[in-house]
Amino acid sequence: HYKKGDYIYNPGDDGDAMYFINSGKVEVLTKKGHLVSILRHGDCFGEGSLLEDRNYRITAARCSTPVDVIRVSKNDFDRYLKSSS
(Lines give C-alpha, C1' and ligand atoms only; values in the text may rest on other atoms or scores of the structure.)
Protein backbone atom coordinates (compact mmCIF):
# COMPACT_ATOMS: atom_id res chain seq x y z
CA HIS A 1 0.00 0.00 0.00
CA TYR A 2 1.25 3.46 -0.89
CA LYS A 3 0.04 6.80 0.46
CA LYS A 4 -0.85 9.84 -1.63
CA GLY A 5 2.40 11.52 -2.66
CA ASP A 6 4.54 8.37 -2.30
CA TYR A 7 6.85 7.46 -5.15
CA ILE A 8 6.76 3.82 -6.23
CA TYR A 9 9.97 4.43 -8.17
CA ASN A 10 12.13 7.26 -9.50
CA PRO A 11 14.29 7.73 -12.60
CA GLY A 12 17.51 5.73 -12.23
CA ASP A 13 16.02 3.17 -9.82
CA ASP A 14 16.49 -0.51 -10.63
CA GLY A 15 13.84 -1.80 -13.00
CA ASP A 16 13.25 -5.00 -11.10
CA ALA A 17 9.43 -5.21 -11.23
CA MET A 18 6.23 -4.16 -12.94
CA TYR A 19 2.99 -3.20 -11.23
CA PHE A 20 -0.77 -3.64 -11.68
CA ILE A 21 -3.02 -1.07 -10.02
CA ASN A 22 -5.69 -2.57 -7.76
CA SER A 23 -6.98 0.80 -6.57
CA GLY A 24 -6.05 4.45 -6.77
CA LYS A 25 -4.28 6.63 -9.33
CA VAL A 26 -0.60 6.79 -10.30
CA GLU A 27 1.04 9.63 -12.21
CA VAL A 28 3.91 8.78 -14.55
CA LEU A 29 6.39 11.67 -14.69
CA THR A 30 9.50 12.49 -16.71
CA LYS A 31 12.86 13.17 -15.03
CA LYS A 32 11.95 16.87 -15.08
CA GLY A 33 8.59 16.22 -13.43
CA HIS A 34 6.36 16.62 -16.50
CA LEU A 35 3.20 14.54 -16.44
CA VAL A 36 3.20 11.74 -19.03
CA SER A 37 0.02 9.91 -18.00
CA ILE A 38 -2.38 9.13 -15.18
CA LEU A 39 -3.02 5.45 -14.58
CA ARG A 40 -6.00 3.89 -12.78
CA HIS A 41 -7.42 0.61 -11.54
CA GLY A 42 -6.56 -2.20 -13.97
CA ASP A 43 -3.64 -0.38 -15.59
CA CYS A 44 -0.09 -1.70 -15.44
CA PHE A 45 3.20 0.19 -15.49
CA GLY A 46 6.93 -0.38 -15.15
CA GLU A 47 7.00 -3.17 -17.72
CA GLY A 48 9.37 -1.27 -20.02
CA SER A 49 12.40 -2.00 -17.87
CA LEU A 50 11.51 -5.72 -17.90
CA LEU A 51 11.07 -5.90 -21.67
CA GLU A 52 14.07 -3.82 -22.75
CA ASP A 53 17.79 -4.43 -22.26
CA ARG A 54 18.14 -1.55 -19.83
CA ASN A 55 17.26 -2.41 -16.25
CA TYR A 56 16.73 1.06 -14.80
CA ARG A 57 13.77 3.42 -14.66
CA ILE A 58 13.55 6.41 -16.99
CA THR A 59 10.35 7.81 -15.42
CA ALA A 60 8.91 8.30 -11.95
CA ALA A 61 5.67 6.77 -10.66
CA ARG A 62 3.96 8.97 -8.05
CA CYS A 63 0.72 8.17 -6.23
CA SER A 64 -1.88 10.91 -6.69
CA THR A 65 -4.23 9.04 -4.32
CA PRO A 66 -3.71 6.16 -1.89
CA VAL A 67 -2.72 3.20 -4.11
CA ASP A 68 -2.72 -0.59 -3.85
CA VAL A 69 -0.66 -2.47 -6.44
CA ILE A 70 0.28 -6.01 -7.33
CA ARG A 71 4.05 -6.20 -7.83
CA VAL A 72 5.44 -8.72 -10.34
CA SER A 73 9.19 -9.18 -9.94
CA LYS A 74 11.55 -9.54 -12.90
CA ASN A 75 12.27 -13.14 -11.82
CA ASP A 76 8.56 -14.03 -11.83
CA PHE A 77 8.06 -12.23 -15.13
CA ASP A 78 10.98 -14.07 -16.77
CA ARG A 79 9.77 -17.40 -15.39
CA TYR A 80 6.31 -16.74 -16.85
CA LEU A 81 7.76 -15.88 -20.28
CA LYS A 82 9.85 -19.08 -20.31
CA SER A 83 6.88 -21.26 -19.36
CA SER A 84 4.73 -19.64 -22.07
CA SER A 85 7.16 -20.48 -24.90
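Reader: How many positive and negative side chains does the protein chain have, and how far apart do the centres of the two sets lie?

Author: Happy to start there. One caution before the numbers: this is a predicted model. The protein chain carries 13 positive and 12 negative side chains, and the centres of the two sets lie 4 Å apart.

Reader: Thanks! What pattern does the protein chain follow when I read along the sequence?

Author: The pattern is β-β-β-β-β-α-β-β-α. Counted up, the protein chain has seven strands and two helices. The radius of gyration is 13 Å, close to the 12 Å that the globule rule gives for 85 residues, so the protein chain is as compact as a globular protein of that length. The C-alpha trace spans about 35 × 25 × 15 Å along its principal axes.

Reader: What share of the residues count as buried?

Author: A residue is called buried when its relative accessible area is under 20%. Here 29% of the 85 residues of the protein chain count as buried. As for the surface, the protein chain exposes about 5400 Å², and carbon and sulfur atoms supply 49% of that area.

Reader: And what share of the contacts joins residues at least 24 apart?

Author: Take the contacts between residues at least 6 apart in sequence: 75% of them join residues at least 24 apart.

Reader: Now the rings. How is a pair of aromatic rings described?

Author: Two values do the job: the distance of the centres and the angle of the planes. In this structure the count comes to three aromatic pairs. In one of them, the rings of Y9 and Y19 have centres 6.2 Å apart and planes at 35 degrees, so the pair is tilted. Y9 belongs to strand β1 (residues 7-9) and Y19 to strand β2 (residues 17-23), so this pair ties together parts that are ten residues apart in sequence.

Reader: Are Y9 and Y19 buried or exposed?

Author: Y9 is buried, and Y19 is buried too. Y19 also pairs with F45: the centres of their rings are 5.3 Å apart and the planes are at 20 degrees, so this pair is stacked. Planes under 30 degrees apart count as stacked, which is why 20 degrees earns that word. The pair links distant parts of the chain, with Y19 in strand β2 and F45 in strand β5 (residues 44-45), 26 residues apart. Like Y19, F45 is buried.

Reader: Which residues do the ring pairs link into a cluster?

Author: Y9, Y19 and F45 are linked into a cluster by ring pairs.

Reader: Let me try strand β1 again. What does Y7 touch, leaving out residues up to four places away in sequence?

Author: Y7, which lies in strand β1, touches Y2, L29, A60, A61 and R62. Its relative accessible area is 37%, so Y7 is partly exposed. For a sense of distance, Y7 and V28 are 21 residues apart in sequence and 9.9 Å apart in space, C-alpha to C-alpha.

Reader: Y2 is among those partners. Where does Y2 lie?

Author: You will find Y2 in the segment before β1. At 22% relative accessibility, Y2 counts as partly exposed. Leaving aside neighbours within four places in sequence, Y2 is in contact with Y7, I8, C63, T65, P66, V67 and V69. The C-alpha atoms of Y2 and K31 are separated by 21 Å, and the two residues are 29 residues apart along the chain.

Reader: What about the loops: where is the place of S64?

Author: S64 sits in the loop between β6 (60-63) and β7 (68-73). With a relative accessible area of 21%, S64 is partly exposed. Not counting residues up to four places away in sequence, S64 touches K4, K25, V26 and E27. S64 and L35 are 29 residues apart in sequence and 12 Å apart in space, C-alpha to C-alpha.

Reader: One more, please. Which loop holds T59, and what does T59 touch?

Author: T59 lies in the loop between α1 (48-51) and β6. Setting aside residues up to four places away in sequence, T59 touches Y9, N10, P11, V28 and L29. You met Y9 earlier, as a member of the ring cluster with Y19 and F45. The C-alpha atoms of T59 and Y19, 40 residues apart along the chain, are separated by 14 Å.

Notes
Residues numbered from 1 in each chain as written. Predicted model: local features only at pLDDT ≥ 70, side-chain atom pairs only at ≥ 80, totals over all residues. Heavy atoms only, no water. Helix = DSSP H or I, 4+ residues; strand = E, 2+ residues; numbered from the N terminus. Rg over C-alpha atoms; globule rule 2.2 N^0.38 Å. Buried < 20%, exposed > 50% of the residue type's maximum accessible area, 1.4 Å probe, protein only. Contact = heavy atoms within 4.5 Å. Areas by Shrake-Rupley, 256 points an atom, 1.4 Å probe, with all protein chains shown as cover. Lys, Arg positive; Asp, Glu negative; His and termini not counted. Charge placed at Lys NZ, Arg CZ, Asp CG, Glu CD. Phe/Tyr/Trp six-rings, centres within 6.5 Å; stacked < 30°, edge-to-face > 60°.
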